[in-house]
Amino acid sequence: MWMYLLKFSVCLAIFWAFYKLFLEKEQMHVMKRFYLMIIVILALSIPLITFTTYLEIEPVASNSSELLTIPELEFETEVVEDPVNYWPMILWSVYGLGVLMFSLRFILHLMQIFKRIKQNTKQRTAKFTLILLKELMTPHTFFSYIFLNKEKYESQQIPQEVFIHEKAHARQKHSLDILFMELLQIVFWFNPLIYFVKHSIKLNHEFLADEAVLKEGFSPSNYQELLLTFSSNVTNTLLAHAINYSSIKKRFTVMKTRTSKQKIWLSCILLLPLFALTLYGFSDKKEVLKSLEEFQEPIQKHTARSISIEILEDGTYEIDGISATKNTLVNEVNKLHQDITPEIRNNIMNIHVTSSTEISNEETWFLYNALLDYGFYRLVTPEQEVVKGKGNTPFANEKNQQKVTKEEVDAYNTWAIKIHNESTIISKNATLLPIVDEQEMIKFSEIYNRMSPQQKDQSVKFPFPDLNIKENEQNYGKGHAAFAIEQNQEKATPQEIEEYNKLASQHNDKPENLRIIKQKDFERMEYLYKKMSEEQKANAEPFPNFPPPPPPPATKIPSSTSEKSNKQSESQRKSSSPWQLGETTLIETYEVDTNENNSKDYVSRQLMLRMSEKQTKPLNYMLNNKKSSYLEVKSFVKTFEDCDVSFKAGDINILSFSKRNGNKMSEEELQRIYSKLFENFDQDPTKTTLIAKQVPEKTMQQTAPLDFVIEMAKKDAKFYYEDKSISSDDAIKLLKENKQLNIATKQSDSKEPKVYISKEPIVFKQHAKTKEQVMINGKSSKDGYFSFTGPELSDIELSIAAGTITEFKFKVPGKPTLFIKGNRLNDDAKSQIKETAIGSGAQLLDIKNSINEVHPPIFVEIK
């Protein structure tokens with residue numbers, strides 16, 4: 001211990017003396033900062049380094065006749081008790097007391113700083129926090145906190161140079177250096193060199209801050225006068241940086257110094273012999289004696305060897321030109337390569353087996369078992385390669401493997417043709433496969449796997465090329481098969497990460513509600529992010545959040561197109577695997593009226609109006625600076641398509657429309673208003689419209705199922721396994737045990753998403769839609785708008801021409817959505833109507849009839 005402390009102190013003294021003599025007054029402050037920190041680490045490390053030298057000695061041959069026999073002598077020994085040495089106990093006690101005192105001092109200073117931060121006024125800027133102190137103290141800094149006198153700050157008596165000086169301390173993280181030295185000082189409190197080095201580090205910090213001020217263009221003479229004015233001998237917190245009078249003179253000198261590049265290089269070159277000298281002089285040396293025999297190579301290295309075995313037509317063998325039968329095979333092979341042991345053969349010997357006819361698995365097994373004791377690394381036949389060194393064995397013996405019969409081949413072909421006929425080709429890269437019986441899948445997959453290559457060539461192609469049933473995962477007793485989907489995902493390249501960071505940073509720098517991105521840029525950025533590994537994501541820009549784009553308007557579709565759409569929707573409902581269709585998203589959809597011109601201006605304002613109907617906060621409409629109703633505004637927008645729109649947030653939000661005054665509103669302004677409306681949008685938690693988006697083959701990247709479940713668990717999602725509620729921990733456990741389970745989500749972007757896990761493919765049911773308008777009290781409306789008093793609305797009855805209304809949703813702005821069974825309003829709906837002001841409206845959504853069709857929504861104005 002004492003030798004270590006001595007070496008540490010001498011090393012540190014040499015390094016620090018070099019700094020004081022050659023570096024301190026030079027203007028290369030950044031290099032000096034790293035030098036001062038590194039020399040402390042080097043001084044701590046060099047005494048711990050040990051260089052071992054091995055010395056060779058020759059073994060001495062001993063001759064028993066030449067040995068000198070020393071007679072045994074008996075000595076009387078007297079036991080002497082050593083006196084107790086109390087000095088180590090005293091020194092350790094003093095050291096422990098010093099450590100305790102300096103630790104308390106360090107903690108007290110930290111508490112003093114945090115107390116000032118907590119008790120005084122704070123003003124936060126983008127990167128720094130100003131702490132305004134009541135007491136008169138010199139400006140000082142601790143990490144990003146800058147401490148200033150409140151009175152001087154508010155009266156603007158603190159010059160700009162002082163702000164730049166303190167911000168330089170904060171920006172360059174000088175407090176980290178001081179904390180490191182303070183902790184080191186607790187351990188080595190008795191070593192004065194620690195104090196000297198710490199003082200040099202703090203002084204160099206002042207050089208760096210002065211340099212930052214002068215780089216801003218301030219006059220050196222004026223700045224020096226300012227330092228004299230603000231310098232003080234007032235004691236500040238030792239962990240903070242403050243302008244100090246005792247260092248002013250050196251700082252003035254350094255400001256005037258100019259260091260050439262040649263001098264910097266010369267200083268760096270001088271450091272190399274200094275480091276070599278301390279490393280050689282103060283590291284530990286160790287000599288180890290070894291005999292010549294210990295230096296000799298214990299095992300001779302061997303290269304790969306091989307034996308050729310040819311199986312002749314009569315069943316005999318030719319082994320490297322030597323004839324043998326089954327009975328003499330082992331004896332003949334044992335005569336070969338006797339200069340090496342079986343253990344070495346197990347690492348280097350390759351046995352190559354050839355034949356003019358097909359070599360059966362039974363023959364391969366015979367050779368494998370016969371040569372095990374001889375030792376080999378690899379056994380190679382034309383049909384297979386058995387690497388024994390990796391624990392491999394030959395294929396199953398043909399006696400134990402049942403051949404596929406003609407009846408089984410015919411049954412397989414019938415099943416495969418049926419699957420191919422029911423499949424739908426969506427695009428060049430995607431095929432929508434039908435739902436299949438699981439037991440049939442297991443049965444015919446097993447038959448196909450047992451077919452010979454000739455039988456496979458003559459049979460129908462296996463209809464599921466991307467799904468393979470692993471032999472070691474079949475479980476016929478439980479009636480299910482584990483499907484292995486092979487996904488080889490490469491990590492993102494450095495160029496792709498750079499491209500992603502550039503795209504993401506452009507949007508992360510903007511407020512969230514002002515972020516607008518092109519669809520192709522979003523898809524490219526999403527593809528790059530999904531391609532990254534978790535480690536790459538941690539070091540990259542976070543994925544930006546974007547306000548949701550307005551849903552596209554529902555235009556009238558010709559009958560032929562509508563039929564095609566219905567067929568595609570039916571195909572989507574048949575989807576049995578998310579890998580065929582790509583990404584799926586659950587969204588809430590509703591129609592938007594369009595005019596004859598279908599202008600963008602009109603549609604965008606209609607979207608705002610439809611969004612305003614479903615708000616969680618109360619909202620009033622203003623038309624030309626006067627309070628208005630939804631129907632009046634809707635009629636106004638039909639006439640003035642490019643009218644001005646504004647939104648004002650408050651206890652009651654206000655959406656205003658007026659005739660255009662000046663330039664037409666930009667898309668960015670309209671998007672900003674739409675985003676504000678979306679913040680209070682009352683999303684319908686029961687919408688289960690499944691939208692399938694085809695993903696191009698090159699950009700299709702899938703999130704690992706386990707990672708997806710973990711991500712949804714962080715969002716407090718509810719999990720269901722086979723329609724039974726389970727915890728997130730159970731869901732994660734299920735995915736770890738079986739990675740081939742099917743996963744689907746509902747309301748993935750809501751506050752409470754739902755995740756469904758199942759062995760069977762998951763398909764959400766969709767409700768068919770009808771354009772038939774629902775009647776209220778026997779009366780219909782072409783556009784679905786009615787007007788009633790509060791009592792009249794409470795007593796309405798819904799009906800249709802054929803059939804009955806079975807359920808619907810009732811929505812009043814600012815109130816929770818109600819789910820109502822039947823065709824009349826319930827007591828909760830009537831209570832909401834009583835609390836709704838005249839001029840407001842109510843909406844009836846998801847109106848379903850007895851055959852589960854969904855009718856268009858109805859809007860009712862309360863008069």
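How many salt bridges does the structure hold? The count is 23, and since you're new here, bear in mind that this is a predicted model. A few notes from my read-through follow.

1. Start with arginine 305 and aspartate 339. Their side chains meet in a salt bridge, with 2.9 Å from N to O. This pair links distant parts of the chain, as the two residues are 34 residues apart. Arginine 305 sits in strand β8 (residues 305-311), while aspartate 339 belongs to the loop between α12 (329-334) and α13 (342-348).

2. How open are those two partners? Aspartate 339 has a relative accessible area of 55%, so it counts as exposed. Arginine 305 comes out at 21%, which puts it in the partly exposed class; the cut-off for buried is under 20%.

3. Next, have a look at aspartate 795 and arginine 824. They form a salt bridge too, and the closest N and O atoms are 3.7 Å apart. Both ends are in loops: aspartate 795 in the one between α28 (790-794) and β30 (798-799), arginine 824 in the one between β32 (818-821) and α29 (827-834). Because the partners lie in these two loops, the bridge ties together parts of the chain that are 29 residues apart in sequence. Arginine 824 is partly exposed, at 39% relative accessible area.

4. Glutamate 807 and lysine 821 give us a strand-to-strand case. Their salt bridge has its closest N and O atoms 3.5 Å apart. Glutamate 807 is in strand β31 (residues 805-811) and lysine 821 in strand β32, with their positions 14 residues apart in the chain. Is each partner buried, partly exposed or exposed? Lysine 821 is exposed, with a relative accessible area of 68%, whereas glutamate 807 is partly exposed at 25%.

5. Not every bridge here is a simple pair. Lys20, Glu24 and Lys250 are linked in a network of salt bridges, so that trio is worth picking out in the viewer.

6. Now for something without charges. Which residues make the nonpolar surface patch of about 950 Å²? They are Trp2, Val84, Tyr86, Trp87, Met89, Ile90, Leu91 and Val94. Helix α3 (residues 87-119) gives the most to this patch, supplying five residues.

7. Leucine 91 makes a handy example from that patch. The residue lies in helix α3, and its relative accessibility of 40% makes it partly exposed. That value also clears the patch cut-off, which asks for over 30% relative accessible area.

Definitions and conventions. Residues are numbered from 1 along each chain as its sequence is written. This is a predicted model: local features need pLDDT of at least 70, side-chain atom pairs count only at pLDDT 80 or more; totals for chains, interfaces and linings use all residues. Side-chain values use heavy atoms; hydrogens and water are left out. A salt bridge is a side-chain nitrogen of Lys or Arg within 4 Å of a carboxyl oxygen of Asp or Glu. Helices (H or I, at least four residues) and strands (E, at least two) are DSSP runs, numbered from the N terminus. Buried means under 20% relative accessible area, exposed over 50%, partly exposed in between (1.4 Å probe, protein chains only). Patches are made of residues with over 30% relative accessible area and no salt bridge: like charges are joined within 9 Å, nonpolar side chains (Val, Leu, Ile, Met, Phe, Trp, Tyr) within 5 Å. Accessible areas come from the Shrake-Rupley method with a 1.4 Å probe; for residues, only the protein chains shown count as cover.
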